[in-house]
Amino acid sequence: ATQSSILFDERDREHLLALYDESITRADSLIGSFLDEVKNLGLLDKTIVIFTSEHGDMFGKYGRFMRGGPLRGTFYDDVLHVPLIIRLPDTNPARIDSLVQHIDLFPTLLELLGLPKKSHIEGSNLLPLISQSLKINDYIFAGSEFKPDLNNPYFAKKTRVEALRNRDWKLIEETVFEENGTSSQKIELYDIKQDKDELHNLAEKRSDILQMLQSKLHDLSKKVLFDN
């Protein structure tokens, strides 16, 4: 089927940004009311508070919207770099610059609550990072598949997106699966320190970095159960 297109102008994008900002303001207000009630109940000094987000949003970069859209996902930092705020009783506030993943939260909570950790649980306990500023992760990984409705006129192919990054470099691999069983792949490599907006793909220029990150990415990918 022929794929359709949707055209946005700058006013449309600004309107989407305004709606997004309004939703953030609303969420901020509700969270504030919740924390005020926890304090009023006398529970703040015995409560662990964690605030984070599932994903960020795209606003037109590379023609993508939302998390890349419910049709076809993407793992640029616009989507992957989400807030993480942890409030622990009797702990001084601090801003920590480190690589952290959502899967690190579960083992961290087990440690905080004094619960046993099973050997098969993935993720890293963040307490050494919080209390001693010890580095926890050299690399962080993300992977997901997206399956739009086959009758969707805009994009109907299954895609798989995976990403790996360290403090300096970011690799994104996107696979598009065709109906005839074949697939195509787009590979992107970004120098995160010099190109924070991920605008200059260096995959064809830095084969040394690319091969190193691809090897680590594929090792991690083998642990993820995708529905082929």
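1. Is V49 buried or exposed? In this predicted model, V49 has a relative accessibility of 17% and therefore counts as buried, the cut-off being under 20%. The residue belongs to strand β1. Leaving aside neighbours within four places in sequence, V49 is in contact with L35, I85, I86 and R87.

2. The surroundings of β1 also involve helix α3, which spans residues 105–112. Within α3, the residues L105, P107, T108 and L110 are buried. The buried residues of this helix pack against β1 (49–52), β4 (84–87) and α4 (127–132). After α3 comes G114, and its phi is positive, near 70°. As background to the helical pattern, an α-helix has 3.6 residues a turn, so residues three or four places apart point the same way.

3. A nonpolar patch on the surface merits a separate remark. I31, F51 and I85 make up this patch, and its area is about 240 Å². I31 is located in helix α1, which covers residues 10–40. With a relative accessibility of 31%, I31 counts as partly exposed. I85, a member of the patch, is also one of the residues in contact with V49.

4. Strands β6, β7 and β8 should be read together. Strand β6 (residues 159–165) runs antiparallel to β7 and is joined to β7 by seven bridges. Three residues lie between β6 and β7 in the hairpin that they form. T159 stands opposite V176 of β7. On the other pairing, β7 (residues 169–177) and β8 (residues 183–191) are antiparallel and share nine bridges. Strand β7 thus has pairings with both β6 and β8.

5. The register between β7 and β8 can be followed through individual bridge partners. F177 is partnered by S183 in β8, and E173 is partnered by I187 in β8. The hairpin of these two strands has five residues between them, and G181 in this hairpin adopts a positive phi near 95°.

6. How many of the nine residues of β7 are buried? Eight of them are, and the strand is accordingly described as mostly covered. In general, the side chains of a regular strand alternate between the two faces of the sheet.

7. E174 deserves attention as a charged residue of strand β7. Its relative accessible area is 4%, and E174 is therefore buried. Residues up to four places away in sequence not being counted, E174 touches R64, R72, G73, T159, R160, V161, S184, Q185 and K186. Among these contacts, T159 is the residue that stands opposite V176.

8. Two residues other than glycine take positive phi values, and both may be inspected in the loops. D90 has a phi near 60° and is placed in the loop between β4 and α3. D90 is exposed, its relative accessible area being 82%. S133 likewise has a positive phi, near 60°, and lies in the loop between α4 and β5. The relative accessible area of S133 is 63%, and S133 is therefore exposed.

9. Strand β5 (residues 140–146) contains F146. The relative accessible area of F146 is 6%, so this residue is buried. F146 and K170 stand 24 residues apart in sequence, and their C-alpha atoms are 21 Å apart in space.

10. A final point concerns the separation of V49 from strand β7. Along the chain, V49 and T175 are 126 residues apart, and 37 Å separates their C-alpha atoms. V49 itself lies in β1, whereas the range of β7 is residues 169–177.

Methods: Residues numbered from 1 in each chain as written. Predicted model: local features only at pLDDT ≥ 70, side-chain atom pairs only at ≥ 80, totals over all residues. Heavy atoms only, no water. Pairing = 2+ DSSP bridges. Helix = DSSP H or I, 4+ residues; strand = E, 2+ residues; numbered from the N terminus. Buried < 20%, exposed > 50% of the residue type's maximum accessible area, 1.4 Å probe, protein only. Contact = heavy atoms within 4.5 Å. Patch = residues over 30% accessible without salt bridge, like charges linked within 9 Å, V, L, I, M, F, W, Y side chains within 5 Å. Areas by Shrake-Rupley, 256 points an atom, 1.4 Å probe, with all protein chains shown as cover. Salt bridge = Lys/Arg side-chain N within 4 Å of Asp/Glu carboxyl O.
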